[in-house]
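Here are a few short exercises to work through with the viewer open. Try each one yourself before reading the solution.

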Amino acid sequence: MIYLTSRDELLLPKTRLWLKENRFPPAPIFSIKAVEESLEEEYSEKFREWKKEDWNIKIGIGSTPQHAEAYLENGVKAIIIEEEEELPEKAITVKGWKEIEKIILRIHKPHKIVN
């Protein structure tokens, strides 16, 4: 699991704190410098790099149509939080993190432990 943001790197400590306070699992945070006009292109480029390195990213969570486009373009399930704008047909819209948790658990069922 990773966190991907277009927030400035100076805000990463604040982002880490927010994730911790909201009981998100610890994971690397990647900051991609992008303005809204190039967000889809920058995110897609990063996903292409990760694919070449054999990263196995299944789900992308974001808040804009650009996030959804970048995820879907790279074969990643797009979950978009409370977006008012028109989204790609295959994007999943949710109202909050509880819904995201349910989707993730439904997609990635925990493995049964065998003794």
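**Exercise 1.** Decide from the relative accessibility of H67 whether this residue is buried, partly exposed or exposed.

*Solution.* Keep in mind that we're working with a predicted model. Start with the number: H67 has a relative accessibility of 9%. Next, take the cut-off, since buried means under 20%. H67 therefore counts as buried. To place the residue, note that H67 sits in helix 3. Finally, look at what surrounds it: leaving aside residues up to four places away in sequence, H67 touches L39, Y43, G62 and I80.

**Exercise 2.** Work out how strand 3 and strand 4 pair, and find the handedness of the crossover that links them.

*Solution.* First locate the strands: strand 3 spans residues 59-62 and strand 4 covers residues 77-81. Their pairing is parallel, with four bridges. For a concrete example, pick I61, whose bridge partner in strand 4 is I79. Now trace the link: the chain leaves strand 3, runs through helix 3 (residues 65-73) and arrives at strand 4. This β-α-β crossover turns out right-handed.

**Exercise 3.** Zoom out and describe the whole chain: its elements, its burial and its contacts.

*Solution.* Count the elements and you get four helices and five strands. In sequence order they read β-α-β-α-β-α-β-β-α. For burial, 34% of the 115 residues count as buried. The chain exposes about 8,600 Å², and carbon and sulfur atoms supply 52% of that area. As for contacts with a separation of 6 or more, 42% of them are between residues 24 or more positions apart.

Key:
Residues are numbered from 1 along each chain as its sequence is written. This is a predicted model: local features need pLDDT of at least 70, side-chain atom pairs count only at pLDDT 80 or more; totals for chains, interfaces and linings use all residues. Side-chain values use heavy atoms; hydrogens and water are left out. Helices (H or I, at least four residues) and strands (E, at least two) are DSSP runs, numbered from the N terminus. Buried means under 20% relative accessible area, exposed over 50%, partly exposed in between (1.4 Å probe, protein chains only). Contact means heavy atoms within 4.5 Å. Accessible areas come from the Shrake-Rupley method with a 1.4 Å probe; for residues, only the protein chains shown count as cover. Two strands pair if DSSP finds at least two bridges between them. A crossover is right-handed if, with the strands pointing away from the viewer, the path from the first strand over the helix to the second runs clockwise.
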